[in-house]
Each structure stands twice: as C-alpha cells, then as structure tokens.
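Here is a dialogue in which a learner asks how to read features of a structure and a teacher replies.

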Amino acid sequence: MNQQETTPRITVLTVPDCPNAPLLRERIAQALEGRTAPVEWIEVTDADAATRQRMTGSPTVLLDGIDPFAHDGAEPSLSCRLYRHADGTTDGAPAVADLRRALTGGRPEPTAKE
C-alpha cells in the first residue's frame with residue numbers, strides 16, 4: 001500500500017495572514033513523520049465562503065473533508081481558532097499527537113469542555 005492510499009486528503013482553511021498557519025504547517029510536517037502528503041491551503045475571505053467550506057475558525061484542518069477537531073455547536077467563522085490539548089493548554093493548532101491520530105483514522109484525545 002502506498003502513502004497516497006493511507007493518508008487522507010488534507011485541506012487547511014485559513015483567513016488571510018493567519019498567525020497560526022506557520023505553526024500548523026510545522027505540526028502537520030511533524031505528524032507526517034517525514035512522509036510527504038499534499039496539503040491544500042485555502043484562504044477564506046468572507047462569511048459565505050466560511051459556511052460553504054465548513055470553516056469554524058482559522059486555521060481549520062479537514063481530513064477527507066471532515067474536521068476531526070470539530071466541537072458540537074461550532075458555527076462557521078472567520079475568527080481565530082484555538083485548539084485545546086489533552087493537558088488543558090490551548091494554542092492555534094492541534095497538537096502533533098492529535099494530528100497523528102487523526103491522520104491514521106483515530107480521534108483526538110478528549111479534552112475538558114470549553
């Protein structure tokens with residue numbers, strides 16, 4: 001089985017000049033553990049596009065069109081998105097371990113409700 005068959009299609013939705021895009025780019029590379037996979041970066045500039053693309057803050061990661069980090073009740077948004085980690089901390093990108101789990105079909109670690 002080759003890498004293309006095992007890695008989901010990765011799409012990242014961001015607002016223009018998203019300050020967390022570089023952090024997410026770095027963490028995706030780390031999560032892939034040296035493998036290469038195409039990542040489509042889409043800049044979302046208006047609320048209608050955010051709704052169409054299912055963007056719930058910037059950056060939003062979609063794997064095969066699904067947001068594995070989505071929270072119940074999250075509304076489409078052009079705002080900055082924060083990701084809560086298993087240890088309770090937050091920052092602007094999913095943790096590398098959570099990305100690895102999501103890329104292999106697992107769910108991110110559960111966190112306390114926000």
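**Reading a predicted model**

A: Let us start from one residue: Tyr-83 is buried, with a relative accessible area of 4%, where buried means under 20% relative accessible area, exposed over 50%, and partly exposed in between (1.4 Å probe, protein chains only). This is a predicted model, in which local features need pLDDT of at least 70 and side-chain atom pairs count only at pLDDT 80 or more, while totals for chains, interfaces and linings use all residues. Residues are numbered from 1 along each chain as its sequence is written, and side-chain values use heavy atoms, with hydrogens and water left out.

Q: What is the mean pLDDT of the protein chain, and which of its elements has the lowest mean?

A: The term pLDDT is the predictor's confidence in each residue, from 0 to 100. Where pLDDT is low, the predicted coordinates should not be read in detail. Here the mean over the protein chain is 88, and 87% of the residues reach 70 or more; among the elements, helix α1 (residues 3–6) has the lowest mean, 51, and strand β1 (residues 10–14) the highest, 97. Over residues 1–5 pLDDT stays under 50, and the model has three contacts for them beyond four places in sequence, a contact being heavy atoms within 4.5 Å.

Q: How many helices and strands does the protein chain have, and in what order do they run?

A: Helices (H or I, at least four residues) and strands (E, at least two) are DSSP runs, numbered from the N terminus. The protein chain has four helices and seven strands, which from the N terminus on follow the order α-β-α-β-α-β-β-β-β-β-α. Of the contacts with a separation of 6 or more, 64% are between residues 24 or more positions apart.

Q: Where is Tyr-83 found, and what does its side chain reach?

A: A polar contact is a pair of N or O atoms within 3.5 Å; within protein, one must be able to donate a hydrogen and the other to accept it, and residues adjacent in sequence count only if both atoms are side-chain atoms. Tyr-83 is found in strand β6 (residues 83–84), and its side chain reaches the backbone oxygen of Pro-59 at 2.5 Å, although Pro-59 is 24 residues away along the chain, with 9.7 Å between the C-alpha atoms. The side chain of Tyr-83 also makes a polar contact with the side chain of Arg-81, at 3.4 Å.

Q: How many salt bridges does a search of the whole structure find?

A: Side chains of opposite charge can pair when their charged atoms come close. A salt bridge is a side-chain nitrogen of Lys or Arg within 4 Å of a carboxyl oxygen of Asp or Glu, and the search finds four. One of them joins Arg-27 and Asp-91, with the closest N and O atoms 2.8 Å apart; Arg-27 lies in helix α2 and Asp-91 in strand β7 (residues 90–91), so the pair ties together parts that are 64 residues apart in sequence.

Q: Which residue pairs with Arg-81, and is Arg-81 buried or exposed?

A: Arg-81 forms a salt bridge with Asp-67, the closest N and O atoms being 2.8 Å apart, and this pair links distant parts of the chain, with Asp-67 in the loop between β4 (60–63) and β5 (77–80) and Arg-81 in the loop between β5 and β6, 14 residues apart. Arg-81 counts as buried at 6% relative accessibility, and Asp-67 counts as buried at 12%.
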